[in-house]
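Student: I have a structure open and would like to talk it through before I go back to the bench. Could you take me around it, starting with the terms you will be using?

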Amino acid sequence: MSAGRLVLGIETSCDDTSVAVLEDGRALRAHLIAAQDVHRLYGGVVPELASRAHLELLPRLVARGLSEAQVAPGELTGIAVTRAPGLVGSLVVGVAFARAYGAALGVPVVGVNHVEAHLHAAALEHGDSPLPAVALVVSGGHTELVEVRGFGRYRWLGSTRDDAAGEAYDKVAKLLGLGFPGGPVLDRLAARGDRAAFAFPRPMLDRADLDFSFSGLKTAVALAVGRLGPPPHAGALLADLAASFQAAVMDTLVGKTLRAVDRVGARALSVGGGVAANRELRARLAAGCEERAIPLRLPSSRLCADNAAMIALVGSWLLERGDPVDADLDVVASLEESGLPMGGG
Ligand code: KG4
Ligand code: ZN
């Protein structure tokens, strides 16, 4: 089969093993995501188990991805792999595999920044963004508000000072005995609860900056739950707790995101990360963008969560730009040290 540039994307930064084959920076020929269920037993991601699972899953997933894409290994023109930020042991598995595979095939391997990939994931379904854009990345590990002026041209507008938004969902779900991950189940419960039943704080919403803080909110929920006695709680009460918690998170997230859009004079809003699957967040951002007559670039759930398609996308751009290939591909755990231009504003 004739083909243009064919980039294999590999994502192993946390607890999802994912592989994608992207043609010409546009067409997804294959996209596989294997969620590691083993962590559910522990109520959170266990790093050692995550790296071992990546090691087992990745070679099989690559073989399946290539077969679904109907691409022979020798047809690949490059490999893109997440090299930062994330769990070091998990990143190492992906990078070691990519380097070995790239060496065997004689194709270039580029390291991709996971958060930068979330900033651009919407481009896979929505095409190029009008600029400047504001991007919100909300996941279990990140809550970032970024002005995007182009590929590689970012101004950091705000971040969380403590827990990420998804982490708050996961911790509150654990507190309520609802299992892991907490986002989807709280999202469902919240839809039938009373958002005014509990008066939880809106952390940092009254401050002029665009930073977030969610650990105080989690404590407020813990105190309220403590007053109610141990779980399990009745369904209606759980729904009220979920709705009141979600209202506090979303008032803050939506409030600051739209404030960022107005301050920057953004011509588009992009969203990424697992929390972007949240129905209240999607609906409220859609309303805010409609009011401002700008497009909301919201990826489908698969492209919001951790996925290799966005890694292949940014990898394709890097390969196209032809930067010198960094043969070392050192992995980096933290966002701050991951090499993104994070100048503030
Ligand atoms: O991006 P992601 O798949 O992985 C990383 O954390 O990098 O995001 C997972 C996070 C978890 O914290 C999960 O609870 C949250 O996204 N999440 C949600 C929803 N679906 C997933 N949070 C709120 N509402 C949802 N519907
Ligand atoms: Zn992520």
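Tutor: A polar contact here is a pair of N or O atoms within 3.5 Å; within protein, one must be able to donate a hydrogen and the other to accept it, and residues adjacent in sequence count only if both atoms are side-chain atoms. This is a predicted model, in which local features need pLDDT of at least 70 and side-chain atom pairs count only at pLDDT 80 or more, while totals for chains, interfaces and linings use all residues. Residues are numbered from 1 along each chain as its sequence is written, chains are lettered from A and ligands numbered from 1 in the order in which they are written, and side-chain values use heavy atoms, with hydrogens and water left out.

Student: OK, which side chain is joined to arginine 202 by a polar contact?

Tutor: That is aspartate 251, whose side chain makes a polar contact of 2.9 Å with the side chain of arginine 202. A polar contact of 2.9 Å also joins the side chains of aspartate 251 and arginine 284. Taking contact as heavy atoms within 4.5 Å, and leaving aside neighbours within four places in sequence, aspartate 251 touches Arg195, Arg202, Leu205 and Arg284.

Student: And where does aspartate 251 lie?

Tutor: Aspartate 251 lies in helix 8, residues 235–264. Helices (H or I, at least four residues) and strands (E, at least two) are DSSP runs, numbered from the N terminus.

Student: What is the strand order in the open sheet with strand 6 in it?

Tutor: The order is 8-7-6-9-10, an open sheet of 5 strands with mixed pairing; two strands pair if DSSP finds at least two bridges between them. Strand 8 and strand 10 are at the edges with a single partner strand each, so one side of each has no neighbour in the sheet. Helix 8 packs on this sheet, where it touches strand 6, strand 7, strand 8 and strand 9, and its direction makes about 160 degrees with that of strand 6. For such angles, axes are lines fitted to C-alpha atoms, for helices over the stretch in contact, and the values run from 0 to 180 degrees between N-to-C directions.

Student: Is strand 9 parallel or antiparallel to strand 6?

Tutor: Parallel: strand 6 (residues 133–138) and strand 9 are joined by 5 bridges, with alanine 133 partnered by alanine 268 and leucine 136 by valine 271. Strand 9 also runs parallel to strand 10 (residues 296–297), through 2 bridges, and serine 270 stands opposite arginine 297 there.

Student: How many residues of strand 9 are buried?

Tutor: Strand 9 (residues 268–272) has 5 of its 5 residues buried, so it is largely enclosed by the rest of the structure. Buried means under 20% relative accessible area, exposed over 50% and partly exposed in between (1.4 Å probe, protein chains only). Ala268, Ser270 and Gly272 point one way, whereas Leu269 and Val271 point the other way, and all are buried.

Student: What about the hairpin of strand 7 and strand 8?

Tutor: Strand 7 (residues 143–150) pairs with strand 8 in the antiparallel sense over 6 bridges, and valine 146 has tryptophan 156 as its bridge partner. The hairpin has 2 residues between the strands, and glycine 152 takes a positive phi near 85 degrees in it.

Student: Switching topic, which residues are closest to ligand 1?

Tutor: The closest are Gly140, Asp170, Gly183, Asp187 and Gly274, out of 18 residues that surround ligand 1, where near means having a heavy atom within 4 Å. A polar side-chain atom of asparagine 278 is 2.9 Å from a nitrogen atom of ligand 1, and one of aspartate 306 is 3.0 Å from an oxygen atom of the ligand. From the backbone, a polar atom of glycine 166 lies 3.1 Å from an oxygen atom of ligand 1.

Student: Last one: why is cysteine 289 not bonded to cysteine 304?

Tutor: Their sulfurs are too far apart for a bond, because the sulfur of cysteine 289 is 14 Å from that of cysteine 304, its closest cysteine sulfur. A disulfide is taken as a pair of cysteine sulfur atoms within 2.5 Å, and the count by this rule is 0. Cysteine 289 counts as buried at 1% relative accessibility, and cysteine 304 likewise counts as buried at 1%.
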